[in-house]
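Colleague: I should like to learn how a protein model is read, one feature at a time. May we begin with the idea of residues touching one another?

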Amino acid sequence: MPKLLYARPPLDADEERKIRKLAGARHAPGDWIVRAQMIVLSWQGLRTSAIAAKLGCHMQTVRERLDRFNVEGLAELGDRPGVGRKPRITEVERGQVIALARSTPPGKPVRDATGDLVAADETAPAEWTLNTLTAAARAAGIDIHRSQVRRILVTEHVRWRHTRSWTTSTDPDFVPKEPRSSASIPTRRQAPR
C-alpha cells in the first residue's frame, strides 16, 4: 500500500501567501501555476489521486512535485537547470560559420591592383551554397550538417546567396535595363470602332 503523501505545511506566512497567489494567477508560467495548485490542493487535504484528477495530470507527477516541494520549498516550482537537448556546436563555432558565410568564397574572382580578375583558389567554389559552406566548415574542424548551417544563417539573418556575378558589368557605359513603368497597371483592350 503506497504511503499517503501531502505537502508539508508552509514555513511562514510569506511562503503560504506566495504559493496561494501563484496558484490563482493568470499571468504566470503555466507550469508554475499547476505546481502551486498541487501544493494548495494538498494543503486542503486532497490525496494525490484527487489532485491528479482535478488538474488532469498523472498521480506520479503529483507525487514527484509534492516530494520536491517538501525538500526544496519554493525553489521546486521552477524547472531544474539543464533541461532539454544540449547544443551540438558551441557559440564560437556558430560565429565561425557566420563569418565564413560573410567572407568571399575562395574561388570567386576578385580584381587585384592591376585590374585583372584573380581567384585565390581556382578549383574552389566561386559562390557560397549550403553544401560548399558545410564542406568549408568541416574543413575548418566544425562537425556540422547542411541543415544546421541553414538554420544558423536563417536565424542570424545572414545572406549566403549573393547576386550572380554575370548580372553586373564593370563597363562604365553600361546602363541596366529599366523595369516597365506600367507593369502594375493592367492594359485594357481597345474596343473596335
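Modeller: Contact means that heavy atoms lie within 4.5 Å. Arg68, for instance, touches Gly73, Ala75, Glu76, Gly78 and Arg80, leaving aside residues up to four places away in sequence. Please note that this is a predicted model, in which local features need pLDDT of at least 70 and side-chain atom pairs count only at pLDDT 80 or more, while totals for chains, interfaces and linings use all residues. Residues are numbered from 1 along each chain as its sequence is written, and side-chain values use heavy atoms, with hydrogens and water left out.

Colleague: Where is Arg68 found, and is Arg68 buried or exposed?

Modeller: Two terms are needed. Helices (H or I, at least four residues) and strands (E, at least two) are DSSP runs, numbered from the N terminus. Buried means under 20% relative accessible area, exposed means over 50%, and partly exposed lies in between (1.4 Å probe, protein chains only). Arg68 is found in helix α4, and its relative accessible area of 15% makes Arg68 buried.

Colleague: What does the secondary structure of the protein chain come to?

Modeller: The protein chain has seven helices and two strands. Read from the N terminus on, its elements follow the order α-α-α-α-α-β-β-α-α. Of the 193 residues in the protein chain, 27% are buried. Among contacts between residues at least 6 apart in sequence, 50% join residues at least 24 apart.

Colleague: How should the packing of two helices be described, and at what angle do α1 and α2 cross?

Modeller: Axes are lines fitted to C-alpha atoms, for helices over the stretch in contact, and angles run from 0 to 180 degrees between N-to-C directions. Angles under 35 degrees count as roughly parallel, over 145 as roughly antiparallel, 65 to 115 as roughly perpendicular and the rest as oblique. The axes of α1 and α2 cross at roughly 120° and come within 8 Å; α1 and α2 are therefore oblique to each other. As to handedness, a crossing is left-handed if the near helix is turned anticlockwise from the far one by less than a right angle, and right-handed if clockwise. The crossing of α1 and α2 is left-handed.

Colleague: Which residues make the contact of α1 with α2?

Modeller: From α1 come Glu16, Ile19, Arg20, Leu22 and Ala23, and from α2 come Trp32, Ile33, Ala36, Gln37, Ile39, Val40 and Trp43. For sorting them, Ala, Val, Leu, Ile, Met, Phe, Trp, Tyr, Cys and Pro count as nonpolar, Asp, Glu, Lys and Arg as charged, and the others, Gly among them, as polar. The contact of α1 with α2 has nine nonpolar, one polar and two charged residues.

Colleague: At what angle do α2 and α3 pack?

Modeller: Helix α2 (residues 30–43) and helix α3 (residues 48–55) pack at about 140°, with their axes 10 Å apart. That makes α2 oblique to α3. Their crossing is right-handed. Here Val34, Gln37, Met38, Leu41 and Ser42 of α2 meet Ile51, Lys54 and Leu55 of α3. By class, this contact has five nonpolar, two polar and one charged residues.

Colleague: How many residues does the largest nonpolar core have?

Modeller: A nonpolar core is a set of buried Ala, Val, Leu, Ile, Met, Phe, Trp, Tyr and Cys residues joined through side-chain atoms within 4.5 Å. The largest one has 17 residues, and those with the most contacts inside it are Ala7, Ile19, Ile39, Trp43, Val62, Leu66 and Phe69. Helices α1 (13–23), α2, α3 and α4 (59–72) each supply at least two residues of this core. Its largest share, six residues, comes from α2. Ile19 touches Ala36, Ile39, Val40, Trp43, Phe69 and Leu74, not counting residues up to four places away in sequence. A second, separate core of 15 residues includes Ile89, Leu130, Leu133 and Ile144.

Colleague: May we close with residues outside the helices? Where is Asp121 found?

Modeller: Asp121 is in the loop between β2 (117–118) and α6 (130–139), and is partly exposed, with a relative accessible area of 33%. Ala124 is placed in the loop between β2 and α6, and at 15% relative accessibility Ala124 counts as buried. Not counting residues up to four places away in sequence, Asp121 touches Pro106 and Gly107, and Ala124 touches Pro106 and Gly107.
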